[in-house]
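Dear colleague,

I am passing on the structure we spoke about, with notes on its core and on a few of its residues. Please look through the model below before reading on.

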Amino acid sequence: MTKVIAQTIGRRKSAVARLRVSSGKGEIFINRRSMENYFPRVAHRNLVLQPIRLVESEGQYDFIVSVNGGGETGQAGAIRLAIARALEKIDADFRGVLKKAGFLTRDAREVERKKYGQPGARKKFQFSKR
């Protein structure tokens, strides 16, 4: 087992990703599965790889991710934030580039709760005058 360089956490919606980075050859394991196996959609894989491609550090680090909660998109966003934070820890020079791209900002949007007497958070039952 190689030495862990950085440990970070990323969150998005109700998903939480815990990440460990070690020097390696660019492998990403999510919940003990390869990224290609865990995220069948290319869009989610690209979302995860965005910060790595931005700082041109592909093939340098291995990422071991433990993610739970939320759906696929939320988990991919949480992993992206965790990777961006880890890259910033590894090299402080990456901070400006990652911040400008918006990868270090936590997306705070959450699902609004359903209210009583309504079918959803904002939707109302149809009004009948008579």
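The largest nonpolar core (a set of buried Ala, Val, Leu, Ile, Met, Phe, Trp, Tyr and Cys residues joined through side-chain atoms within 4.5 Å, where buried means under 20% relative accessible area, exposed over 50% and partly exposed in between, with a 1.4 Å probe and protein chains only) has 30 residues, and those with the most contacts inside it are Ile-30, Phe-63, Ile-79 and Leu-87. At least two residues of this core come from each of several elements, including strand 2 (15-23), helix 2 (42-54), strand 5 (61-68) and helix 3, and helix 3 supplies the largest share, eight residues. Helices (H or I, at least four residues) and strands (E, at least two) are DSSP runs, numbered from the N terminus.

This is a predicted model, in which local features need pLDDT of at least 70 and side-chain atom pairs count only at pLDDT 80 or more, while totals for chains, interfaces and linings use all residues. Residues are numbered from 1 along each chain as its sequence is written, and side-chain values use heavy atoms, with hydrogens and water left out.

In helix 3, the buried residues include Ile-79, Ile-83, Ala-84 and Leu-87. Setting aside residues up to four places away in sequence, Phe-63 touches Ile-83 and Leu-87, among others, a contact being heavy atoms within 4.5 Å.

Arg-95 lies in helix 4 (residues 94-101) and is partly exposed, at a relative accessible area of 36%. Beyond its neighbours within four places in sequence, Arg-95 contacts Glu-88 and Leu-104, and its C-alpha is 8.7 Å from that of Ala-84, 11 residues away in sequence.

With best regards
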